[in-house]
Amino acid sequence: MKTIALLIWIILFHTASSDCGCQKLDRKATTNKESLPEQVCQQRTRGANSHYRDYYGEMEPQVEPEITDMSLIPGGTVYMGTDNPHFPADRESPERQVRLKDFYLDKFEVSNDAFAKFVIATNYTTEAERFGDSFLFKTLLSPIEQRNLEDFRVASAVWWYKVSGVSWKHPNGADSNLHNLGRHPVVHVSWRDAVAYCTWAGKRLPSEAEWEAACRGGKERKLFPWGNKLMPRNEHWLNIWQGDFPDGNLAEDGFEYTCPVDVFRQNVYDLHNMVGNVWEWTADLWDATDVSENANRVKKGGSFLCHKSYCYRYRCAARSQNTEDSSAGNLGFRCAKNA
């Protein structure tokens, strides 16, 4: 009997163990009169010589979060940055470890509908509305408008135009509106506008380290929130530019401009559009010693205008910057909250 019991125990034990120029859109230099923790990914193999696939397979849902439309991001010691920078001038390197506390992050970028509630409740006026203008990408302007606004192009990125009457309420031109754009991300919001919204909502902007830790989805040294392959299963997992930039956007991902904030779930933290769609403000200064009145702030994630040929910044480690009062048609934000 002892022998049989030992055999059963062995069997049970065995079974159990088996640049797009986006950073140039600063109001201080606008006009130009010349031309100018646990590995949570699913890894699968096909045969002896197959490559690992590090995208999320079933994309199993998380346990329901404690705060509506926010995900709890676990803290601890995490990596940020990279030792293989694509843009060294952006200070992507070196890779380093940082210590974070648990925090919450919005699953979605702040939408036009959400921002409208804030404006109605507070009677808030954005900086773009006070300045009377913001930056638009060239394809949103007719050829005649482009000719008339030649002197208001960004010198180092002539596909960006400073256009009067553009704001969050008129995102695609002075005569545009928010029809059918309620679930799209709010754009033409400055860093200060984003801070004001987050404060009203009882939240805050994420730090760059928090943003990057959330983007990585619990994995280390991966390019994107889901892994290293841009198009897992030959599908689009983010909203960026396809085709030749700055002309000929093929919109193969289904969107020529912004997409709704609840499209493109990108990792098991249930975060959408962390990379692509719109750039997102963070709380951090670009230069920690900057004490100017209009300092540069770090932004992350790239946008629908990014393409590897010129703006390969839709990687978790990538970063860029704008002055606090800057706004553009591809710049938005999401909020964080202490756990």
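Is C311 buried or exposed? In this predicted model, C311 has a relative accessible area of 0%, and because residues under 20% count as buried, C311 is buried. The paragraphs that follow place this cysteine among the other elements of the structure, beginning with the overall make-up of the chain.

The secondary structure of the protein consists of 6 helices and 12 strands. Of its 339 residues, 52% count as buried, while the accessible surface comes to about 16300 Å², with 52% of that area belonging to carbon and sulfur atoms.

Four of the strands were found to build an open sheet of mixed pairing, in which the order is β10-β9-β8-β11. The edges of this sheet are taken by β10 (320–323) and β11 (331–332), and because each of these has a single partner strand, one side of each is left without a neighbour in the sheet. Strands of a sheet pair through backbone hydrogen bonds, in either a parallel or an antiparallel manner. Between β9, which spans residues 296–300, and β10 the course is antiparallel, and the two strands are joined by 4 bridges. Within this pairing, R297 has N322 of β10 as its bridge partner. R297 also takes part in an arrangement with an aromatic residue, since it lies over the face of W191 at 3.9 Å from the ring centre.

The loop between β9 and β10 contains one partner of a disulfide, C316, whereas the other partner, C215, belongs to helix α6 (residues 208–216). A disulfide is a covalent bond between the sulfur atoms of two cysteines. In a search of the whole structure, 1 disulfide was found, and in the pair formed by C215 and C316 the sulfur atoms are 2.2 Å apart. The torsion about the S-S bond of C215 and C316 is about -75°, and the disulfide is therefore left-handed. The two cysteines stand 101 residues apart, and the pair thus links distant parts of the chain. C215 is buried, with a relative accessible area of 0%, and C316 likewise counts as buried at 0% relative accessibility. C311, by contrast, is in no disulfide, although the sulfur of C306, the nearest cysteine sulfur, is 3.1 Å away; a disulfide requires sulfur atoms within 2.5 Å. A further cysteine, C335, also counts as buried, with a relative accessibility of 0%.

The helix that carries C215 is itself mostly covered, as 9 of the 9 residues of α6 are buried. Among these buried residues are the charged side chains' positions E208, E210, E212 and R216, together with W211. Helix α6 is followed by G217, for which phi is positive, near 60°.Aromatic pairs are a further feature of the model, and 21 of them were found in a search of the whole structure. A pair of aromatic rings is described by the distance of the centres and the angle of the planes. F115 and F118 form an edge-to-face pair, at 5.3 Å centre to centre and with 65° between the planes. Both residues of this pair, F115 and F118, lie in helix α2 (residues 112–122), where they are 3 residues apart, about one turn of the helix, and both are buried. W159 and Y310 form another edge-to-face pair, with 6.4 Å between the centres and 80° between the planes. Because W159 lies in strand β7 (residues 157–164) and Y310 in the loop between β9 and β10, this pair ties together parts that are 151 residues apart in sequence. W159 is buried, with a relative accessible area of 17%, and Y310 is buried as well, at 15%. Ring pairs also link F115 and F118 into a cluster with Y124, W168, Y197, W200 and F333. Elsewhere, the charged end of R313 sits over the ring of F87, at 3.9 Å from its centre.

Strand β7 also holds Y161, which counts as buried at 4% relative accessibility. The C-alpha atoms of Y161 and K138 are separated by 6.7 Å, although these residues are 23 residues apart along the chain. When neighbours within four places in sequence are left aside, the residues in contact with Y161 include K138 itself, along with S134, F135, L136, L141 and F152.

Methods
Residues numbered from 1 in each chain as written. Predicted model: local features only at pLDDT ≥ 70, side-chain atom pairs only at ≥ 80, totals over all residues. Heavy atoms only, no water. Pairing = 2+ DSSP bridges. Buried < 20%, exposed > 50% of the residue type's maximum accessible area, 1.4 Å probe, protein only. Areas by Shrake-Rupley, 256 points an atom, 1.4 Å probe, with all protein chains shown as cover. Phe/Tyr/Trp six-rings, centres within 6.5 Å; stacked < 30°, edge-to-face > 60°. Lys NZ or Arg CZ within 6 Å of the ring centre and 35° of its normal. Contact = heavy atoms within 4.5 Å.
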